Amino acid sequence: IAIFDRDGKELGSFGEYGLEPGQFIYPTDIAFGPDGIVFVSEYGGNDRIQVFDSQGVFLREFGTRGEGRNQLSRPQGLSWDAANLELYIADAVNHRIVVTDAYGEVQRILGTPGYAAGELSYPYDVSILGDGTLVVIEFGNNRMQRLDAFTGDCLGVWGGTGVQEGRLRYPWSIDSSGGVIAVLDSGNNRVLIGDAP
């Protein structure tokens, strides 16, 4: 994990290749939690979340590869909800969003595999909007969904496969800030920016 200042100067890094605590195969995302802790998701033999302090010192890990309640399969994206002290994990190959506390205790699981509203196909990233709802980007369904953060009910669907304005091809990542959403539309080689719903 490389750390940069606002001007792009590298300040340091932590981690190395491997399967042991503090090591990585394919790290996919980071999220900042309480007291400066850092959550890092990874797959490629580990399929886990590792937790580090603000200096990059390993604290703990949770999750193992699989389909069970406390397991993950390619955890691809993370978002920390500071208001509710919860971590949202886009558990891509299990087609769901896993919600845990800061110690990895599962609070609830949102979504089931599928193509209908409220169902998920390879969710690659998740972001929390200002009103506490979620936006989820789906690599498999080529769309963005807005979900109730507690029930998983669908509150809206946008996108669909295509190259036209507002369409998506293999969306990879999503982020939101100040009422604006940015979507990394990897198959169309672009970033889409719009108002949050």
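# A nonpolar patch and several loops in an all-strand chain

Strand 18 (180–185) and strand 19 (190–195) each contribute at least two residues to a nonpolar patch. This patch lies on the surface, covers about 450 Å², and is formed by Trp172, Val180, Leu184, Val191 and Ile193. The model described here is a predicted one, and the points below move from the chain as a whole to its patch and then to individual residues in its loops.

**The chain as a whole**

- The chain contains 0 helices and 19 strands. Its radius of gyration is 16 Å, close to the 16 Å that the globule rule gives for 197 residues, so the chain is as compact as a globular protein of that length.
- Measured out along its principal axes, in the sense of a computed extent, the C-alpha trace of the chain spans about 45 × 40 × 30 Å.
- Of the 197 residues in the chain, 47% are buried, while the accessible surface of the chain amounts to about 9700 Å², with 49% of that surface belonging to carbon and sulfur atoms.
- When the contacts in the chain with a separation of 6 or more are considered, 37% of them are between residues that stand 24 or more positions apart.

**A member of the nonpolar patch**

- Val180, which is one of the residues that make the nonpolar patch, belongs to strand 18. Val180 counts as partly exposed because its relative accessible area is 36%, which falls between the cut-offs of 20% for buried and 50% for exposed.

**Asn141 and Ser121, two buried loop residues in contact**

- Asn141 is located in the loop between strand 14 and strand 15 (143–147), and with a relative accessible area of 12% Asn141 is buried, because buried means under 20%.
- The side chain of Asn141 takes part in a polar contact of 2.6 Å with the side chain of Glu138, and a polar atom of the Asn141 side chain also lies 3.2 Å from the backbone oxygen of Gly114.
- If residues up to four places away in sequence are not counted, Asn141 touches Gly114, Tyr115, Glu119, Leu120 and Ser121.
- Ser121 sits in the loop between strand 12 (106–110) and strand 13, and at 7% relative accessibility Ser121 counts as buried.
- Once its neighbours within four places in sequence are set aside, Ser121 is in contact with His95, Gly114, Tyr115, Glu138, Phe139, Gly140 and Asn141.

**Loop residues with a positive phi**

- Asp47 has a positive phi of about 45 degrees, although Asp47 is not a glycine. Asp47 is found in the loop that runs between strand 4 (38–43) and strand 5 (48–52), and Asp47 is buried, with a relative accessible area of 3%.
- Leu85 likewise is not a glycine and yet has a positive phi, of about 55 degrees. Leu85 lies in the loop between strand 9 (75–81) and strand 10 (86–91).

**An exposed glycine**

- Gly130 is placed in the loop between strand 13 (123–128) and strand 14 (134–138). Gly130 counts as exposed because its relative accessibility is 90%, and the cut-off for exposed is over 50%.
- From C-alpha to C-alpha, Gly130 and Gln76 are 22 Å apart in space, and in sequence the two residues are 54 residues apart.

Methods:
Residues are numbered from 1 along each chain as its sequence is written. This is a predicted model: local features need pLDDT of at least 70, side-chain atom pairs count only at pLDDT 80 or more; totals for chains, interfaces and linings use all residues. Side-chain values use heavy atoms; hydrogens and water are left out. Helices (H or I, at least four residues) and strands (E, at least two) are DSSP runs, numbered from the N terminus. Buried means under 20% relative accessible area, exposed over 50%, partly exposed in between (1.4 Å probe, protein chains only). A polar contact is a pair of N or O atoms within 3.5 Å; within protein, one must be able to donate a hydrogen and the other to accept it, and residues adjacent in sequence count only if both atoms are side-chain atoms. Contact means heavy atoms within 4.5 Å. Patches are made of residues with over 30% relative accessible area and no salt bridge: like charges are joined within 9 Å, nonpolar side chains (Val, Leu, Ile, Met, Phe, Trp, Tyr) within 5 Å. Accessible areas come from the Shrake-Rupley method with a 1.4 Å probe; for residues, only the protein chains shown count as cover. A salt bridge is a side-chain nitrogen of Lys or Arg within 4 Å of a carboxyl oxygen of Asp or Glu. The radius of gyration is taken over C-alpha atoms; the globule rule is 2.2 Å times the number of residues to the power 0.38.
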